[in-house]
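Visitor: I would like a close look at a single helix and at what surrounds it. Please take me through that part with some care, and then place it beside other features of the model.

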Amino acid sequence: MKKTLRYNYRLNPTPEQEVKLIEFGATARGIWNLLLSENMRRYEYDKTFLFYKDMASLLKGIKSFEEFDWIKAFDSAAAQQVARDLETALKNAFSKGRVQHFPKHKISYKKKKLHNDSFRAVNNSNCIRIENGAISIPKVGKVPIVLHRDLASKIKSVTVQFRHGKWECSITQEVECKTALRVLNRITGFDINSKQTVVGSDGFVADNPKFLKHSKEKLNQLQRQLARRKKGSNRWQKTKQRINKLHGRISRQRLDFAHKISRQITNENDILVFEDLNVKAMQKFNGSMVADNVMGLITQLSKYKAELEGKLYHEIGRFEKSTGICAECGQHHVLTLNDRYFTCTACGTYQNRDLSSAKSIVRTGELDLIAAGIVARVYPISQQKQAIKTKVFELSKLGCGSEKKEAA
Ligand SMILES: [Zn+2]
């Protein structure tokens with residue numbers, strides 16, 4: 001099985017290249033808005049959409065007009081990519097059970113005082129390659145890149161973006177997964193609590209790092225400062241810039257934390273069980289938790305890491321409560337957000353709320369996986385006489401995690 005992965009790298013463009021990159025980002029946005037407007041017009045007229053082919057020929061057609069010279073200066077493969085992305089967005093938005101309204105127009109950064117434009121170049125006939133510390137991007141040239149890690153495979157596409165005051169590109173590559181492990185030794189469930197501490201059913205605990213908290217306090221302070229300053233003034237701009245920079249730092253710190261945790265738990269376990277966070281969010285989370293997406297990051301990163309290693313990732317998706325369930329007897333309890341410990345009303349066990357929750361997650365996950373016929377419990381010979389200390393599973397179906405639906 002192959003997996004598409006994205007790796008981010010820092011770019012150091014020359015001033016001339018930077019002008020080009022900004023221009024191209026704006027062009028990609030312009031094309032998106034243009035095609036989206038055309039789509040909306042068409043839909044109003046006869047309730048049909050323009051699909052990729054129509055949009056690509058439309059782009060080709062308008063290129064010859066003088067007022068669309070800006071499209072001509074743009075990499076044509078990247079322009080087609082915009083059409084492709086828009087097609088995907090339309091299909092997503094209008095498919096069954098979705099929002100049924102058009103994707104949004106992209107707003108100019110001047111209006112929002114933010115650079116959030118990006119464009120994606122596609123690697124056709126090896127036009128994108130990395131040589132001598134520079135990446136060649138069509139119609140831009142060789143842009144110096146900080147290659148902090150080697151490429152895992154051939155480049156598929158490159159997205160260039162200006163984020164938090166720095167240029168970066170994310171390179172998509174296709175990576176081969178390891179063959180699925182036949183024998184899986186350790187299954188662990190994880191609970192991510194409202195303080196964003198990750199707790200495993202085996203006793204694993206990873207605290208939300210202090211530096212993240214520091215940065216957030218600093219952010220609040222700067223935001224108060226911004227509110228005091230006159231909007232649009234020099235001092236206001238300065239604070240705004242510092243806030244933007246800090247946002248970048250926080251997002252990098254958060255990503256780093258999530259990567260380290262997910263790497264560690266994937267290395268230590270063969271089957272990872274998480275709760276479906278959408279369900280969890282609905283059950284008990286307050287606003288700030290949902291906005292801050294460390295939890296989502298950790299599950300996302302653990303998922304692909306597990307798949308790369310040939311291990312299993314499983315999400316229990318049912319509206320099954322995990323919090324407040326006794327790890328010993330399964331008795332349900334209603335807990336408030338502040339109850340970190342509780343005593344079971346049925347068997348009297350005093351327990352940690354997060355640990356018992358993780359234990360209940362792993363139990364549900366195990367039953368799920370066995371019921372779906374993905375794994376079977378096996379009893380190793382050495383353990384047959386004694387009580388089973390380690391759980392050993394065998395993969396009954398090939399393919400892992402995300403593939404199980406197709407296989408069924
Ligand atoms: Zn109990």
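Guide: In this predicted model, the buried residues of α2 are covered by parts of the chain that include α1 (15–46), α3 (69–72) and α4 (76–94). Helix α2 itself spans residues 52–62, and its buried members are Tyr-52, Met-55, Ala-56, Leu-59 and Ile-62. Viewed down the axis of α2, these buried residues fall within an arc of 140 degrees, so they line one face of the helix. The general rule behind such a pattern is that an α-helix has 3.6 residues a turn, so residues three or four places apart point the same way. Lys-53 and Lys-60, by contrast, are exposed on the other side of α2.

Elsewhere there is a zinc ion, whose protein donors are the SG atoms of Cys-326, Cys-329, Cys-344 and Cys-347, lying 2.2 to 2.3 Å from the metal. The angles among the four donor atoms run from 106 to 115 degrees, and the site is tetrahedral. Cys-326 lies in the loop between β13 (312–316) and β14 (341–343), while Cys-344 lies in the loop between β14 and β15 (350–352), so the pair ties together parts that are 18 residues apart in sequence. Both Cys-326 and Cys-344 are buried.

As for the nonpolar interior, the largest core has 76 residues, of which Ile-135 and Val-160 touch the most other members. This core draws at least three residues from each of domain 1 (2–176) and domain 2 (183–407), whereas a second, separate core of 13 residues includes Leu-184, Val-273, Leu-312 and Leu-395.

How values were computed: Residues are numbered from 1 along each chain as its sequence is written. This is a predicted model: local features need pLDDT of at least 70, side-chain atom pairs count only at pLDDT 80 or more; totals for chains, interfaces and linings use all residues. Side-chain values use heavy atoms; hydrogens and water are left out. Buried means under 20% relative accessible area, exposed over 50%, partly exposed in between (1.4 Å probe, protein chains only). Helices (H or I, at least four residues) and strands (E, at least two) are DSSP runs, numbered from the N terminus. The arc is that of the directions from the helix axis to the C-beta atoms. Contact means heavy atoms within 4.5 Å. Donors are N, O and S atoms within 2.8 Å of the metal (3.2 Å for Na, K and Ca); water is not among the atoms, so sites may look incomplete. Four donors count as tetrahedral if all angles lie between 85 and 135 degrees; four count as square planar and six as octahedral if opposite donors are over 155 degrees apart and all others between 65 and 115; anything else is irregular. A nonpolar core is a set of buried Ala, Val, Leu, Ile, Met, Phe, Trp, Tyr and Cys residues joined through side-chain atoms within 4.5 Å. Domain bounds come from an automatic or database domain assignment.
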